[in-house]
Amino acid sequence: MSDMSHPSSSPRSFYWDTESLVVVGLFTALSKVMSLMVALLGGGMNPFTLFLKNGIATALLVVLVARVRKFGVLALYVLVGQLISFLIAGGGMSILLPCFLLSALVSDALIAACGGYRRMGAVLAGVALYDLLGRAISLGYSLLHARENMAMVVVAGVFIALGYLGCIVIGLPCGAKFVKELRHAGIIREV
Amino acid sequence: MLALSAKFDPDSTVGKRDALDIRTRLLISLVVTSVTLYLSSNATLAAMSALTFCYLLQTRRYAVIVAAYLLMLLMTLLSLGIIYGSSRLFMLLLPGEGMSRMMSGVLDNFHTPFLRSIPSMNVLLSIGLNFSVQGFVGTMKSVRMPRFLFIPLLVFCRFVPEFVDVIRQLRDAVRMRGFAVGFGSAILHPFQTIRLTAVPLVVRTLRMADNLSMAAEMKRVGYAKHPTQLRTLRFRHLDFAVLAFTVLVSAALCIWEAHLPKPKRMPGTRSARSSQISQPSGITK
Amino acid sequence: MITAENLSYHYPFCDAPSLADVSFTLEKGEALLVTGASGCGKSTLLRTLNGLIPNHFKGKFEGRLKVLDLEFPAPLDEVSAHVGTVLQNPEDQIMATTVQEEVALALEWQCVPQDEIRRRVGVALNSFDLARLAGRSVFNISSGERQKCVLAAVMAAGADVVVMDEPTANLSPEATEDLAKLCLTLKIHGVTLVIVDHRLYWLRGVLDRLLVLSDGKVMASIASKGGRNGQDVLDILSSLPDFATWGMRSVNVSCPALPTVGKAGSPQPAVTIRDLYFRYSKKSEWLYNGFSTSIPRGAVTAVVGANGTGKTTLARLLCGLLKPTSGEIAFVAASQADSAHPCASDSSALTPHQRRANTAFVMQQMDIQLYMRTVEEELIFSAPRRLGRAARCADVAHWLDVFGLTHLKDRHPHSLSGGEKQRLVMACALMKRPSLLILDEPTSGLDGRNMRIIARELKAYTASGGTALLITHDLELLSIVADFKLEIAHAEHPMEGVD
C-alpha cells in the first residue's frame, strides 16, 4: 500500500484555523449537552433550571471567546448553533438566523471596539450584549408564536428575563473566573 | 497480511436506508415550521397538524409517536399550570388595573400556540426517527458546505455522544468524592456545582480540541474545495414529489388562511389590548 | 528514509529547548523506538516528524530533517501524504462516525477519485481485519479496534512512514501482541515505523533502532545492526550502566501467574458478593448472572478479562455507583480493632450510599477527577467531612510528601504532567481512608518511575490492612503488585472466582 500516489495540493491559509473551528464545534456540543442535562435534571420550565442553564451556557461562551480570540467568533458560534437547532428543533427558530447573526456581529464589533479579545472586560461586555440581543430576538419569536395571547407572551418574557439574569449573575462571573484559572493552568495562553 | 486488492461497496455495510433524502426532510421541516408561524386559525392549523401526522406515521414507529404525544400533552399541561401560576403571582406582586387586565386573559386562546407546536413536533420527530449522522455528514459534503461550517458541524455530530459519556463519568467521579450533582445541590450550592461540573468538562474539551485539531490538520480536513465522497447521495423522484406536494399544500393552506373570516378577539388578547393601549391615557383612567 | 541532523526545537513560552541536537538515520522498513522518562522530548520529536512542528506548533526549529525527498520544515499536506500518525487516544483522533468513513476521510479530502477511495478502503479494511466492522459506529467498537481503525486510515492514505505515540497505553495484552505482529507485517511491506512508548517489552523482535531521550538530548542511541552477537536492542539497552537511572520501564515483562481469589489459603475476605445479577436495561444482556465471589483483605486483587466483560461495571457496582438488579454486596468488618481502614458497618449488605462512603475509585480519565484551584485544595476537598481541620491538614501534608507533590502544592492540578496528575488522583483517593480502593488503569501512559511510585503506595496501602482491586492491562504493574486475580468472563459463560 505504501506505493500509492499522493495528489498534492498547494498549501492554503484560512482566516479560521482548524483549531478554532474544532473548539467552536466542541463547545457547541458541550453547551447543548449540558443544557439538555440541566433541563432533564430540573425540568425545562423550572425557573431555577432556566437560571442555571443559561448561566452555564454563558460561562462556556466566555471561555470559548477567550480561547478563540478572533473577530466573528460569536457569529460563527451562532451560525453553527442555529444550524444544529434547525436539525434538532425542527427549524422554528432558524428562520430568525439573520437576526441572530446580526446581533452576534454587533457584539463582536463591541468586543473589538472595547479593546479586543485579549481584554476580559471587552469579552464580558460582548457576551452580555449578545445574550441580551439574543433574548430580545427570542421574545420576538414568542410574540410570533403566541400572538393570539399576549399575556402568555408577557409570561414568556419574564422567563426569558430570568434566563438573562442567569447569564449576568452566574454566567459572566463564572466565565471570567474559569478563564483566569485556565490561564493559570496554562491551558489558555495569555498572549 | 496486507491485501493487495479488495472489492468494497460502502452502501452494503449500512443498515436500512431512509426512503427520503435527509435534505428533503430538512426542507420539509423548514417549510412547515415557517408556514405554521403564519397560520393562526384552528382549521388551517388542524389541517397542517393532520397532514404532518400522516407524514410522521410513515416512520411506523408507533410506540415512539404515542410516547412523544403523551409527553407533549404533559408538557402542555405543565406549561399551562406554570403560566397560570405565574400570572397569579405577577398580579399579587404588581397589583394594578393594567396587570390584572392583561393577566385575566392568560388562558384565552391558549390552544392556538400549542396547536401551532404540533406540526413542528411531527416534522421534527420524522427527522429524528430517520436521522443518520452519516447521511447528515454526507449532505454537508455534497452541498459543498464551507469549511468554517463543515468542521464545527462534523465535530458536533461526532462528539455529542462522547460528551454524554464524559458527563456520566464526571457524575460518578463527583459522587465518589461525596457530592451529588443534582437539582438539590444546584439550589443549595450553585457555584460549587458549576465548579465541579464545568471546570473538568472545559479542561477535557480543550484537551480534546488539541488532539482533534492535530488529527484534522494531518488529514487535511476542510482544505480541498471539492472533496470526493465514499458514498454518493442522490435525490430521487420520491424526494422531488414529496417536496412539491409539501409546497403545494402549504401554499393552499396559506391561501385558505387569508380567506378565512377573522375571529372575534376576546378581552385581554392582543387586538383588544392594543386598542386599549392606543387610547389616550385620560380615557382609560 | 529519515535523516535527522542536530535537530533542535524550542516551544514558545518555554525556557529550555524540548529537543537539543538530536541526530539519527532510519532506513526504509526499519522500526525506531523513542523512549525516556516523562517530559524527555519524545512527543516533541514525533511532532517534528509528522510536520505538526512548526506547522501547528510555532516555535524555533533548527537543524536538518529529511523524510524521503522532503526537506523539513515542509507544508503539512506534503508531510501528511507520506507520514501517518497514530495518537495515544484513538477516540480523540477519530473524526468520522463509522469505521469505513474514518478510513476514507483523509482520502476524500485529498480528492482521490471515488473508485480509488473504495479500492483503498477495501484493502485497508481487509488488511486490518476490519471488514466486518465497516459500517459499525466508532462508539460501538473496542479500544483495540479503534486503534486498528486509525492505523487502517493511515495506511489507506498511503503512508510510507508511520509514527505512533504511546500506542499500547489503552490496549489489552492480547491487543498489544496483535499490534506487535502488525508492526512486523508493516515493516515487511517497507513501511518505516517510529514508535514513542514507555512500555518496552512488546517491541522485542520488532525494533531496529532505539533512542533514549532525557531533557531533549539523546542519552543513548542503539542500533541492532552491528549490535553485540545479534542481541535485541532492548537487551543492549537494559545492559547499559545508566539504564536504572533513566526512570524507564522493564524490558522483560511476562504475565504473572496469580492465584485465583476464593481458593483455600486466601486471606479473610473484605468484600463478599453473593448471587449478583446486573444488566443495564431490560433489553440488554446480563453482564452478571448469579455471580459470587469474595475479595481478600490486605491484598491487591487484579481483575482480569477481555474487553466488554464488565470489569469497570463490577467496580461501579462495588462503589455504589450502580445498583445491582439483585444480589448482595457486603463489606466484612476488620477483625483487628486497630485497623487503619475501619469499615463503617459489620458484615452486612451495604446500601449504595454506604458503599460510596467506604470506597475510593481512581478512574481512568484523570481530567474529570480534578476540580480545585491548587493541588493542596484538591486534597483538602477529598478528605472525609467527619475529620477536623487539624487532621485534614496533617493528612494533606503526609500525602503530599509521600507522593512527592509538596513542591507542587500551589500549582493548578490541571497544569501538572500526566504522572503528577495520576499521583495526585491516587493521593486524593487515599485521603478518603477507604476500606476498599479500586483503581482502573492507573498507570496508562506512565513512565517507569511514576509507575513504581503508584505500585509502592498501593503495596503500602494493603500492608496497612487496606483492600485493593486493580483493573489494568499493564502486565508490569500486575507483576509487581498483584496478589490474587479475579477472572471475569462473559455472563453467558460460567463465572470464575466462585466462592
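pLDDT is the predictor's confidence in each residue, on a scale from 0 to 100. The exercises below concern a predicted model.

**Exercise 1. Assess the confidence of chain B, and find where its pLDDT is below 50.**

Step 1. Chain B has a mean pLDDT of 78, and 81% of its residues reach 70 or more.

Step 2. The stretch with pLDDT below 50 covers residues 266–285 of chain B. Beyond near neighbours in sequence, that stretch has 29 contacts in the model.

**Exercise 2. Describe the secondary structure, burial and domains of chain B.**

Step 1. Chain B contains twelve helices and zero strands. From the N terminus on, its elements read α-α-α-α-α-α-α-α-α-α-α-α.

Step 2. Of the 285 residues in chain B, 36% are buried. Among its contacts with a separation of 6 or more, 77% come from residues 24 or more positions apart.

Step 3. The chain is divided into domain 1 (18–131 + 234–259) and domain 2 (143–219). Between the C-alpha centres of these two domains of chain B there are 32 Å.

Step 4. Helix H10 of chain B spans residues 237–259 and has 23 residues. From first C-alpha to last it reaches 33 Å, close to the 33 Å expected at 1.5 Å a residue. Its buried residues are B:Val242, B:Thr246, B:Ser250 and B:Leu253. Helix H1 (22–38) and helix H2 (42–57) of chain B are among the elements that cover them.

**Exercise 3. Give the matching account of chain A.**

Step 1. Chain A has six helices and zero strands, in the pattern α-α-α-α-α-α along the sequence.

Step 2. Buried residues account for 49% of its 191 residues.

Step 3. Taking contacts in chain A between residues at least 6 apart in sequence, 68% join residues at least 24 apart.

**Exercise 4. Which residues have the most contacts inside the largest nonpolar core, and which domains of chain B contribute to it?**

Step 1. In soluble globular proteins, nonpolar side chains tend to be buried together.

Step 2. The largest nonpolar core here has 271 residues, and those with the most contacts inside it are A:Val62, A:Leu64, A:Val65 and C:Ala152.

Step 3. From chain B, domain 1 and domain 2 each supply at least three residues to this core.

Step 4. Take A:Val65 and leave aside its neighbours within four places in sequence: the contacts are A:Val73, A:Leu74, A:Tyr117, A:Val123, A:Gly126 and A:Val127.

**Exercise 5. Decide how far helix H6 of chain C is enclosed.**

Step 1. Check the length of H6(C), residues 143–156. Its 14 residues should span 20 Å at 1.5 Å a residue, and the end C-alpha atoms are 20 Å apart, which agrees.

Step 2. A residue counts as buried if 20 or more other C-beta atoms lie within 10 Å of its own. Eleven of the 14 residues of H6(C) are buried, so the helix is largely enclosed by the rest of the structure.

Step 3. The buried residues include C:Arg146, C:Gln147 and C:Lys148, as well as C:Ala152. Their cover includes strand E6 (83–86), H4, H5 and strand E7 (161–165) of chain C.

Step 4. Just after H6(C), C:Gly158 takes a positive phi of about 90 degrees.

**Exercise 6. Sort the residues of helix H12 of chain C into a buried and an exposed side.**

Step 1. H12(C), residues 389–402, has 14 residues and reaches 20 Å from first C-alpha to last, close to the 20 Å expected at 1.5 Å a residue.

Step 2. The buried residues of H12(C) are C:Asp395, C:Val396, C:Trp399 and C:Leu400. Seen down the helix axis, they fall within an arc of 130 degrees, so they line one face of H12(C).

Step 3. Helix H11 (375–382) and helix H13 (418–431) of chain C are among the elements covering these buried residues.

Step 4. The face turned away from the buried side carries the exposed residues C:Ala390, C:Ala391, C:Ala394 and C:Asp401.

Step 5. C:Ala397 also belongs to helix H12 of chain C. With 14 other C-beta atoms within 10 Å, C:Ala397 is partly exposed. Its C-alpha atom is separated by 9.4 Å from that of C:Lys409, twelve residues apart along the chain.

Step 6. Just after H12(C), C:Gly404 takes a positive phi of about 65 degrees.

**Exercise 7. Which element gives the largest share of the side of chain C that touches chain B?**

Step 1. In this interface, 57 residues of chain C are in contact with 51 residues of chain B.

Step 2. Elements of chain C that give two or more residues include helix H3 (76–80), helix H4 (99–109), helix H9 (311–319) and strand E16 (359–362).

Step 3. The largest share, ten residues, comes from H5(C).

Terms used: Residues are numbered from 1 along each chain as its sequence is written. Chains are lettered from A and ligands numbered from 1 in the order in which they are written. This is a predicted model: local features need pLDDT of at least 70, side-chain atom pairs count only at pLDDT 80 or more; totals for chains, interfaces and linings use all residues. Helices (H or I, at least four residues) and strands (E, at least two) are DSSP runs, numbered from the N terminus. The expected span of a helix is 1.5 Å times one less than its number of residues. A residue is buried if 20 or more other C-beta atoms lie within 10 Å of its own, exposed if 12 or fewer, and partly exposed in between; C-beta atoms are placed from the backbone. The arc is that of the directions from the helix axis to the C-beta atoms. Two residues are in contact if their C-beta atoms, placed from the backbone, lie within 7 Å. A nonpolar core is a set of buried Ala, Val, Leu, Ile, Met, Phe, Trp, Tyr and Cys residues joined through C-beta atoms within 7 Å. Domain bounds come from an automatic or database domain assignment.
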